[in-house]
Amino acid sequence: MSGIPLGVLDLVPIPSGSTAAGALRNTIDLARQSEQFGYSRYWFAEHHLNPGVAGTSPAVVLALTASATSTIRIGSGAVQLGHRTALSTVEEFGLIDALHPGRLDLGLGRSGGRPPGQTAEARPTTTPVVDGRTPGGLKIPPRFSFEHLRGSPRLQLQQRLLQQPGAGHQDYGEQVDDILALLRGDYRSPDGLEAHAVPGEGADLQVWILGSSGGESADVAGRNGLRFAANYHVSPATVLEAAEGYRAAFQPCDALDKPFVSVSADVVVAEDDERARELAAGYGPWVRSIRTAEGAIPFPTPEQARAHAWTEQDRALVADRVDTQFVGSPGRVADQLEQLQEATGADELIITTITHDHTDRVRSYRLLAEEWQRR
């Protein structure tokens, strides 16, 4: 399995008792160390109005990280296109590519204002799931409904503060088409006017699409011959349909002659299972804060997590995410990642790990990399 690369997805989490500045310093340190551990790429997510997450602008954090690393690929997982224009996205990444050519991944997602999968329709898959598991043992939970967030004042505020004027008049596929045209240098407006992004035009970027289902994102990635990242860590119930939907829609292009899929997983590794479970204790309360639309809380200590008074409603909110987090010794987690790779046919896996203590987080990535390389 060492032939399947591992990458990193970083939300720039803020631990309880810390600050955004501390989280950024931890991120730059983790990126340096991940490069030494042998990870293939280092991506930054985009989140807003979250007290416990400092990753609001992938391009800004990428610029900082690019100067602190030298060989690892770096990128966005993902830029949310509802929050910026095609031109601003190409120009931002073009600026970074100008000084760090050939290392950037431009991962594109839809607006974060709508929870992933909220309106996506279930699509059949060829992989059988019996009693919630694939033949190889990967857990596929029931689909999670975001209906309880419909009309959420906080999400409405986020959309009002972030949404680009006129964004509703251009669909996601058109935005991606504009980005690709600006990168190639052949953009034309509907009335035939040229536009050239400098810097940006001709930038040596890998363009990715991130998606949580087999819907629009998978279709856009496939028809454009782009790489696709399926989000098991965000929407484990729909990871199979996302990967299969992308492959079904794929059309070869000059840059990519066959589908290429990366699949994400939420992981905590320690020397033994008991210690790993202790380090992962804060994950449940943290996911709950997101799914109630409070905004991600600063990541709690194990002691703070144990003090949380759970209701049955709380447990139902987080069950699919907690049940599909890979937690344990290096061997146990590597076995689970193999199940994920086999079920999805992933060409690459991308790992996101959050613990309260930065040292524990770095150790988790190191232990996993060492175990993966032994295989």
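**Exercise 1. Classify Asp131 by accessibility and describe its backbone.**

Solution. Asp131 has a relative accessibility of 78%, so Asp131 counts as exposed, the cut-off for that class being over 50%. The model is a predicted one. Asp131 sits in the loop between β5 and α4 (153-162). Its phi is positive, about 55°, although Asp131 is not a glycine. As background, most residues other than glycine have a negative phi.

**Exercise 2. Ala293 also has a positive phi. Is Ala293 buried or exposed?**

Solution. Begin with the backbone: phi of Ala293 is about 70°, and the residue is not a glycine. Next, the location: Ala293 belongs to the loop between α9 (283-291) and α10 (302-306). Last, the accessibility: at 10%, Ala293 counts as buried, because buried means under 20%.

**Exercise 3. Check the length of helix α3 and find its buried side.**

Solution. Step one is the length. Helix α3 covers residues 86-99, which is 14 residues; at 1.5 Å a residue the helix should span 20 Å, and the 21 Å between its end C-alpha atoms agrees with this.

Step two is the list of buried residues: Ala86, Thr89, Val90, Phe93, Gly94, Ile96 and Asp97. They cover an arc of only 165° around the axis, which puts them on the same side of α3. The spacing follows a general rule: an α-helix has 3.6 residues a turn, so residues three or four places apart point the same way.

Step three is the other face. Turned away from the buried side of α3 are the exposed residues Leu95, Ala98 and Leu99.

Step four is the cover. The elements lying over the buried residues of α3 include the helices α2 (58-68) and α5 (172-184), together with the strands β3 (73-76), β4 (79-80), β5 (104-109) and β6 (205-211).

**Exercise 4. Repeat the analysis for α2, then describe how α2 packs with α3.**

Solution. The buried residues of α2 are Pro58, Ala59, Val61, Leu62, Thr65 and Ala66. Their arc around the axis is only 155°, which puts them on the same side of α2. Val60 and Ser67 are exposed on the face turned away from that side. Cover for the buried residues of α2 includes α1 (20-37), β2 (41-44), β3 and α3.

For the packing, the axes of α2 and α3 are 10 Å apart and make an angle of about 0°. The two helices are therefore roughly parallel, a class that takes angles under 35 degrees. At the contact, Ala59, Leu62, Ala63 and Ala66 of α2 meet Glu92, Phe93 and Ile96 of α3.

**Exercise 5. Locate the cis peptide bonds at Ala78 and Pro199, and give omega for each.**

Solution. One cis bond joins Gly77 and Ala78, with omega about 15°; Ala78 is in the loop between β3 and β4. Another joins Val198 and Pro199, with omega about -5°; Pro199 is in the loop between α5 and β6.

**Exercise 6. Which residues does Thr56 contact beyond four places in sequence?**

Solution. Thr56 lies in the loop between β2 and α2, and is partly exposed at 38% relative accessible area. Its contacts beyond four places are Glu46, His47 and His48. Glu46 is 10 residues from Thr56 along the chain, and their C-alpha atoms are 5.1 Å apart.

**Exercise 7. State the confidence of the model and where pLDDT stays under 50.**

Solution. Mean pLDDT is 94, with 95% of residues at 70 or more. Over residues 113-119 pLDDT stays under 50, and the model has 14 contacts beyond four places in sequence for this stretch.

Terms used
Residues numbered from 1 in each chain as written. Predicted model: local features only at pLDDT ≥ 70, side-chain atom pairs only at ≥ 80, totals over all residues. Heavy atoms only, no water. Helix = DSSP H or I, 4+ residues; strand = E, 2+ residues; numbered from the N terminus. Expected span 1.5 Å × (residues − 1). Buried < 20%, exposed > 50% of the residue type's maximum accessible area, 1.4 Å probe, protein only. Arc of directions from axis to C-beta. Contact = heavy atoms within 4.5 Å. pLDDT = per-residue confidence, 0-100. Axes fitted to C-alpha atoms, helices over the stretch in contact; angles between N-to-C directions. Parallel < 35°, antiparallel > 145°, perpendicular 65-115°, else oblique.
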